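Please open the model in your viewer with a cartoon representation, and keep a selection panel at hand for the stops that follow.

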Amino acid sequence: MSIRTEISVLVCCLVFSRLSTSGSPSNGVGSEVIALMGIKSFLVDPNGVLENWDEASPDPCTWSMVTCSADGQVIGLGAPSQGLSGVLAPSIGKLTNIQTVLLQDNNISGNIPSEIGKLSKLQNLDLSNNNFCGQIPTTFSHLKNLEFLRLTGNNLSGEIPASLANLTDLHLIDLSFNNLSGKIPILPAQVFNIEGNPYLYTKGTYMVDKGSLPDSSKAKLNKSGIFYVIPILMVPYYYSYFWDSSFFI
């Protein structure tokens, strides 16, 4: 790893230390409001997209960037490409009904909160193209309903947690263009992108354990470092995201 990369990772991780000084929200406010206000308090919002997030407005379903179910539970947080910076607060772990978190294409830094592992209903997590650093939380292995995990384009380091193999509902994992290292584990995702992580290796490890794949599947690691598991009879539309001619070489 270059000196420049090491400095970038160190600076980004030091920013996260401010979380230890967070204060407690006022009593008498709903847990989802408290969680969202905690998230807002650690983000820098130059465009004011979170301006109407206010404890004085007790219904978060009226707030921008928040999606609620028919019964008023917060099930989605979506603020991609909004110029947000700062860090992602651990209070996100209190949004226990959330299914989708889309914060891609911002400038958020610090560690990815391990508390995300408490979000048992989470299906789609996209933190790509930010400045997150540190390791991929091992608590992600608790996200039994997770289908899509996108962490591409950050400063993440360390090994890919082998415990992610427990996430049997995964369709896609994109970990490309980080600073990950170590052996590549066998994961159940149908699409697994690790391009742009030169310190990952497969020596002594089989990328595909035949017993872990459906009978109707085949797998390939192409020249760009993209791992495919493609059903023979049907190719879902989302595979085109990783499509290139070298797949058939």
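Begin by selecting residues 31-69, the range that UniProt, in an unreviewed entry, lists as "domain: Leucine-rich repeat-containing N-terminal plant-type". In this predicted model, the span is 28% helix and 13% strand, and its end C-alpha atoms lie 16 Å apart.

Next, select the strands S6, S8, S10, S12 and S14, which in that order make up an open sheet of 5 strands with parallel pairing. Strand S6 (109-111) and S14 stand at the edges, and because each has a single partner strand, one side of each is left without a neighbour in the sheet. If you look along the sheet from one strand to the next, the twist to expect averages 25°.

Now narrow the view to residues 155-158 and residues 179-183, which are strands S10 and S12, running parallel and joined by 2 bridges. Which residue of S12 is the bridge partner of Ser157? Selecting Asn179 shows the answer, since that is the residue in S12 with which Ser157 is paired.

From S12, move on to strand S14 (residues 199-201), with which S12 pairs in the parallel sense over 3 bridges. Here, label Gly182 together with Leu200, its bridge partner in S14. While the side chains are displayed, bear in mind that in a regular strand they alternate between the two faces of the sheet.

How values were computed. Residues numbered from 1 in each chain as written. Predicted model: local features only at pLDDT ≥ 70, side-chain atom pairs only at ≥ 80, totals over all residues. Heavy atoms only, no water. Pairing = 2+ DSSP bridges. Helix = DSSP H or I, 4+ residues; strand = E, 2+ residues; numbered from the N terminus. UniProt positions renumbered as here; feature names shortened; annotations may be inferred. Axes fitted to C-alpha atoms, helices over the stretch in contact; angles between N-to-C directions.
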